[in-house]
Amino acid sequence: MALLQRSVVEKTKSSVIYLVLFIGLVFAVIGIYRGGVHLSELKAETVELPDLPGAILLSTLRMAAAYFSSLIFAFVFGLLAARTALGERFILPVLDILQSVPVVGFFPAAITFFIGITHGHRIGVELSAIFLIFTSQAWNIGFAVYESVKAIPIENEEAVMSMALRQSQRFFRLYLPASIPRVIYNSILSWSNGWFFLVACEIIAIGPVKYNLPGIGSFLARAAEEEKLELVLWGLFALVCVILVLDTFIWRPLTIWSARFKQEATANQDEEDVGIFLDLPKTIASRLSFFTEPLLDILIAFTLPIRWFMKEVVFPLFWDLPVALISKVLQGVSRPIQPVLQGTQKMRVAIGYFALGFLVVLGAFYVWKWFQGPLPVVVRELPTSILYSTLRILTALAVSFSWVLPLVYFTWNRPKLRHALTTIAQLGASIPATALFPLIVLVGIRKMGGGMELGTLVLLTFGIQWYVLFNAIGGAAAIPSDLVDAAKSYGLSPFATFRTLVFPSIRPALITGAITAWGGGWNALVVSEYITVKSEVVKVKGLGALLSYSVYELGDGRSISLCILVMVAWILFVNLLIWQPLYHQNLEKFRFSS
Amino acid sequence: MMPDSHTLIELQHVTRRFLLPQGEVTVIENISFKALEGEFITIVGPSGAGKSTLLRMMNGLLPPSEGMVLYNGREQKGINLDTAMVFQNFGLLPWLTVSQNIELGLEARSKDVVYRRSQVNRYIAKVGLEGYEEAYPRELSGGMKQRVGLARALAVEPSLLLMDEPFSSLDVLTSINLRNELLDIWSDRENVVNTMIMVTHNIEEAIELSDRILILSNRPGKIAGELKIDLPRPRRKRDPLFSEYVDRVFSLLA
């Protein structure tokens with residue numbers, strides 16, 4: 001009973017935090033868009049095939065820059081969230097909100113901001129693209145660090161603590177290795193997420209905004225604009241090749257290597273579902289080890305002095321010393337104010353609510369002042385836009401479910417088929433959906449005349465179906481084999497087995513897939529509802545289109561803020577009130593007790 | 001116990017509270033006791049009596065909420081590098097080899113490489129892990145893992161060895177072997193470490209090993225009694241005097 005009460009209290013607390021954070025977001029968005037957006041134009045260039053290698057290279061470099069910044073961010077904030085009470089209370093919800101913000105909506109803001117601080121230099125466009133990719137990667141990896149550190153067995157941590165290792169030693173011996181498996185696993189997701197946004201922001205940049213951001217995304221978009229189908233296909237082919245090469249030679253070997261950092265050697269369940277072509281690096285690595293091993297040894301020998309210097313000089317001086325100093329200072333500060341901080345429980349709650357009330361009033365005032373005068377014209381279209389966009393995402397979800405479920409029905413108990421399916425799905429999912437947009441626009445809308453509504457739906461489905469598929473396959477693979485045997489021994493028909501065993505088992509996974517797809521869908525929406533082809537705008541009615549319209553045609557800060565805030569509020573609202581309860585309810589009911 | 005031994009660690013009116021979501025819970029209340037140099041002390045008590053908390057305060061992992069811990073007569077603040085801990089579930093880092101795990105404590109004490117290597121080899125030999133230097137913990141059995149845990153603690157040559165139910169996750173035969181080896185290490189005067197404090201819930205184990213048993217009562221943990229074991233070693237469970245001690249511990253626990 002006490003536990004129940006506690007969880008209610010915790011829930012109220014966390015929803016209060018969400019409210020506060022949302023108010024913070026309101027301030028931030030209005031602050032960013034106060035001055036409206038100022039977009040200058042660059043003349044469009046024509047693309048040729050020889051531009052392709054350079055474009056691919058630039059895009060990959062952008063990805064790498066964003067990824068390394070994400071890693072640094074993830075370790076700093078993941079550790080803070082996992083190891084400080086304040087961090088856990090605030091950083092987690094912040095990450096959660098940031099995860100549900102459709103970052104594509106911020107691209108115009110990011111461009112305006114970075115171009116502002118770089119005085120119009122091209123580096124500003126670069127930085128804003130890198131920032132956008134960063135926002136698609138960092139939160140996810142941050143959660144990985146947080147969860148890994150949280151999952152360290154208490155005795156392992158105590159063992160390290162009881163030896164009084166230095167801060168940096170603790171990080172390199174304990175927190176870093178413990179985080180490696182999940183960080184790499186989530187990095188793969190983040191990395192493909194990154195492609196999606198990279199292509200998206202390159203397309204946006206040369207779309208209505210007309211910024212020069214050479215890369216594979218802008219290459220595809222320009223080729224589509226010039227109706228050069230073969231260039232679009234070449235571009236897609238090159239992109240898939242790069243993605244596959246990176247996956248085979250970087251992510252796969254890293255995943256295999258990371259297994260040694262797992263806390264306990266568990267049954268290699270995920271290894272079973274690795275597709276065929278992804279096994280390649282293992283065989284290649286074993287062939288090459290004859291050459292690579294001595295080479296690696298030599299390299300390691302060369303790094304020895306550097307490592308010694310880092311370990312004995314750099315880290316103690318620039319890490320342990322500052323950390324020790326800061327914690328000493330904090331202790332010194334916190335001791336005299338400790339009694340004040342502790343106070344009575346009631347006082348603290350009262351102060352908290354007072355501060356919250358103040359914030360709400362301030363926020364309301366701020367918003368009221370900002371939207372004073374005639375309301376922007378987009379207001380009238382907001383309700384119907386939300387409705388249409390939501391319906392569109394739900395339709396795309398329904399389409400995804402309608403082909404995923406039969407597939408699971410036929411494959412869940414056939415490991416070989418599932419293996420093959422996973423391989424194909426990995427291949428399909430590795431193409432960022434945004435890269436297909438130019439192709440779909442060119443062929444589907446321009447050549448076949450399918451209409452923009454259909455085009456948007458196809459784009460959207462391509463963007464979200466993999467979330468549903470991978471979750472469903474994963475859920476099906478996790479069904480305990482004794483339950484399968486039990487179903488067999490009772491002679492249940494395949495359909496009855498599916499209905500009574502498989503479907504209930506994969507339900508939580510399906511809901512997880514739907515939640516992820518819901519979040520990802522809004523990002524895809526912003527790109528897919530409003531498309532420029534040859535300076536001619538094709539759009540459908542929806543929130544994504546409304547946002548793009550506000551940015552590119554109105555250039556009105558108030559309309560943009562309004563669209564972004566309404567979108568975020570709506571996503572959070574549906575998340576907190578529909579998806580989360582549904583998920584928890586299902587988890588309770590359908591969990592395998594072990 | 002040596003006749004001229006002095007007090008190594010002393011707890012003075014130590015109380016420990018934890019802030020849990022349902023409110024503040026007192027786990028240890030007003031405990032005072034002394035451990036003399038050379039003693040083997042076991043702490044027994046029902047689960048939740050705060051045995052492990054007591055041990056962690058002696059190591060410095062946890063500060064007491066009230067009272068103080070004196071080590072060699074001086075108040076102990078932070079981790080006491082003169083102590084080393086052995087854990088119930090070993091606390092070995094899965095990504096480090098046996099040697100690297102043992103070396104970890106030495107690394108924290110900034111010892112040079114040559115010394116570290118020689119210590120690691122010495123204690124690997126002492127606990128009988130030769131040939132497993134480069135193995136990873138997951139490749140070892142429970143008993144071997146605890147040997148690594150023991151070697152890691154001994155390698156820093158602590159004056160006080162703290163053990164938190166070191167034999168609880170091991171099978172019966174393994175734990176008998178390891179108990180005997182522990183007694184050998186303890187009675188071997190060549191070793192630096194000759195004072196040991198061990199938490200256990202196995203009463204026979206406590207009587208078999210220790211000079212003195214500290215019995216804790218439940219929630220909050222207080223000292224319910226203390227028992228000196230005056231039996232010559234090696235002690236045998238069949239011995240009627242041994243069973244008498246078992247009965248006395250049980251009566252103190254009840």
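Two strands are taken to pair if DSSP finds at least two bridges between them. With that in hand, the sheets of chain B in this predicted model can be read strand by strand. Strand β3 (residues 40-44) of chain B runs parallel to strand β9 (residues 212-216) of chain B, and four bridges link the two. One residue pair shows the register: T42(B) has I213(B) as its bridge partner in β9(B).

These two strands belong to an open sheet of six strands in chain B, ordered β6-β7-β8-β3-β9-β10 and mixed in its pairing. At its edges stand β6 (83-86) and β10 (223-228) of chain B; each has a single partner strand, so one side of each is left without a neighbour in the sheet. From one strand to the next, the twist averages 15 degrees. Two helices can be placed against this sheet. Helix α4 (residues 142-155) of chain B lies across β6 and β7 (160-164) of chain B, at about 175 degrees to β6(B). Helix α7 (residues 240-253) of chain B lies across β3, β9 and β10 of chain B, and its direction makes an angle of about 165 degrees with β10(B).

Chain B also holds an open sheet of four strands, in the order β2-β1-β4-β5, with antiparallel pairing. Its edge strands are β2 (23-36) and β5 (74-75) of chain B, each of which pairs on one side only. Strand β1 (residues 7-20) of chain B is joined to β2(B) by ten bridges in the antiparallel sense. Here L11(B) provides a handy reference point, with F33(B) as its bridge partner in β2(B).

On the scale of domains, chain B is assigned a domain 1 (1-82 + 159-254) and a domain 2 (89-157). Taken over C-alpha atoms, the centres of domain 1 and domain 2 of chain B are 24 Å apart. Nine residues of domain 1 of chain B and eight residues of domain 2 of chain B make up the contact between them. On the domain 1 side of chain B, the residues that touch domain 2 of chain B comprise seven nonpolar, two polar and no charged. As for confidence, the mean pLDDT of chain B is 85, and 98% of its residues reach 70 or more.

Turning to the partner chain, chain A contains 20 helices and two strands. Of its 594 residues, 36% count as buried. Among contacts in chain A between residues at least 6 apart in sequence, 81% join residues at least 24 apart. A487(A), in helix α17 (residues 481-489) of chain A, offers a local example of burial. This residue counts as buried because 20 other C-beta atoms lie within 10 Å, and 20 or more is the cut-off for that class. Beyond its neighbours within four places in sequence, A487(A) is in contact with L492(A), T497(A) and L501(A). A487(A) and T500(A), 13 residues apart in sequence, are 9.0 Å apart in space from C-alpha to C-alpha.

The two chains meet through 19 residues of chain B and 21 residues of chain A. On the chain B side, helix α2 (residues 98-108) of chain B supplies the largest share, four residues. By class, this side of chain B has eleven nonpolar, six polar and two charged residues. For the complex, the predictor gives an ipTM of 0.81 and a pTM of 0.76.

Notes. Residues are numbered from 1 along each chain as its sequence is written. Chains are lettered from A and ligands numbered from 1 in the order in which they are written. This is a predicted model: local features need pLDDT of at least 70, side-chain atom pairs count only at pLDDT 80 or more; totals for chains, interfaces and linings use all residues. Two residues are in contact if their C-beta atoms, placed from the backbone, lie within 7 Å. Ala, Val, Leu, Ile, Met, Phe, Trp, Tyr, Cys and Pro count as nonpolar, Asp, Glu, Lys and Arg as charged, and the others, Gly among them, as polar. Domain bounds come from an automatic or database domain assignment. Axes are lines fitted to C-alpha atoms, for helices over the stretch in contact, and angles run from 0 to 180 degrees between N-to-C directions. A residue is buried if 20 or more other C-beta atoms lie within 10 Å of its own, exposed if 12 or fewer, and partly exposed in between; C-beta atoms are placed from the backbone. pLDDT is the predictor's confidence in each residue, from 0 to 100.
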